[in-house]
Amino acid sequence: WITDICHMPVSNRLAVCQIDRVVTFYDCQTHDRKVYKGGYYSHGGSKAYMYSEVEVTNMESQSKAKTARLRAGTLDDMSHIAVKSKLLTMNTKVEVIVLQQLLNSPVSMCPYPDRGEYMLMGLDTGAVWMWNFRKEIADDDFSISPLATWKPHTEWVYRIRVAPQITAFMSSSLDGTLQVWDIEKGESITKLKTETGGGGAPQDCL
């Protein structure tokens, strides 16, 4: 279940987050991908791995004998040489970088390009976490930790927008509130609440 997609303008990558705490970055030029997954990692000398189901199409032609018969003129046309198509599902092992302490689902993302590859991530708990998803992850970087965490809401954080001029972000939540949050001070600047509470949540207003 994909919960949000955003573009990282500095590195020209697409970030895709899923309900199972997986965040995947796709390079828009090379199509390379880098996978992150929330959890805990104890440094044991090797990176963590995850398994995914991958569909692979494998085309099988008929035997060389039929091809030879066609060339010899004993078959009328290519329609007699069927091409079989197999759809295979296999497990592939994907190397991942662990997002330390992330045990809840990310539901929204917003890049912070004024600080390079920084990203604000809204969780289903009402929290907002800030990460540095720099493109040049070292080979010995098995995990990354959040740079900051805030708790502006009590329910899902549906949307986040950054206001770099005042180093703040705006967020809307299922709890029916809109927050303007100071990134440097880690405190609320403004809080608005709908009269109907969660039933009239301003999910898509940002």
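**View 1. Contacts across the whole chain.** Among contacts in the chain between residues at least 6 apart in sequence, 52% join residues at least 24 apart. The model shown is predicted. Its chain holds one helix and 15 strands. Of the 206 residues in the chain, 39% are buried. The accessible surface of the chain comes to about 11,600 Å². Carbon and sulfur atoms account for 50% of that surface.

**View 2. The hairpin of strands E1 and E2.** Strand E1 covers residues 2–8, and strand E2 covers residues 13–18. The two run antiparallel. Six bridges join them. One residue to pick out is aspartate 4, whose bridge partner in E2 is cysteine 17. Four residues sit between the strands of this hairpin. Here asparagine 12 takes a positive phi near 55 degrees.

**View 3. An aromatic pair of Phe25 and Phe133.** The count of aromatic pairs comes to eight. One of them joins phenylalanine 25 and phenylalanine 133. The ring centres are 4.8 Å apart. The planes meet at 45 degrees, and the pair is tilted. Phenylalanine 25 lies in strand E3 (residues 22–27). Phenylalanine 133 lies in the loop between strand E9 (128–132) and strand E10 (143–144). The pair therefore ties together parts that are 108 residues apart in sequence. Phenylalanine 25 is buried, with a relative accessible area of 1%. Phenylalanine 133 is also buried, and its relative accessible area is 0%.

**View 4. An aromatic pair of Trp150 and Phe169.** The ring centres of tryptophan 150 and phenylalanine 169 are 5.4 Å apart. Their planes stand at 50 degrees. Planes under 30 degrees apart count as stacked and those over 60 as edge-to-face, so this pair is tilted. Tryptophan 150 belongs to strand E11 (residues 148–150). Phenylalanine 169 belongs to strand E13 (residues 168–173). The pair thus ties together parts that are 19 residues apart in sequence. Both tryptophan 150 and phenylalanine 169 are buried.

**View 5. A cluster of aromatic rings.** Ring pairs link Phe25, Tyr36, Trp129, Trp131 and Phe133 into a cluster. Phe25 and Phe133 return here from View 3, where they form a tilted pair.

Definitions and conventions: Residues are numbered from 1 along each chain as its sequence is written. This is a predicted model: local features need pLDDT of at least 70, side-chain atom pairs count only at pLDDT 80 or more; totals for chains, interfaces and linings use all residues. Side-chain values use heavy atoms; hydrogens and water are left out. Rings of Phe, Tyr and Trp (its six-membered ring) pair if their centres lie within 6.5 Å; planes under 30 degrees apart count as stacked, over 60 as edge-to-face and the rest as tilted. Buried means under 20% relative accessible area, exposed over 50%, partly exposed in between (1.4 Å probe, protein chains only). Two strands pair if DSSP finds at least two bridges between them. Contact means heavy atoms within 4.5 Å. Accessible areas come from the Shrake-Rupley method with a 1.4 Å probe; for residues, only the protein chains shown count as cover.
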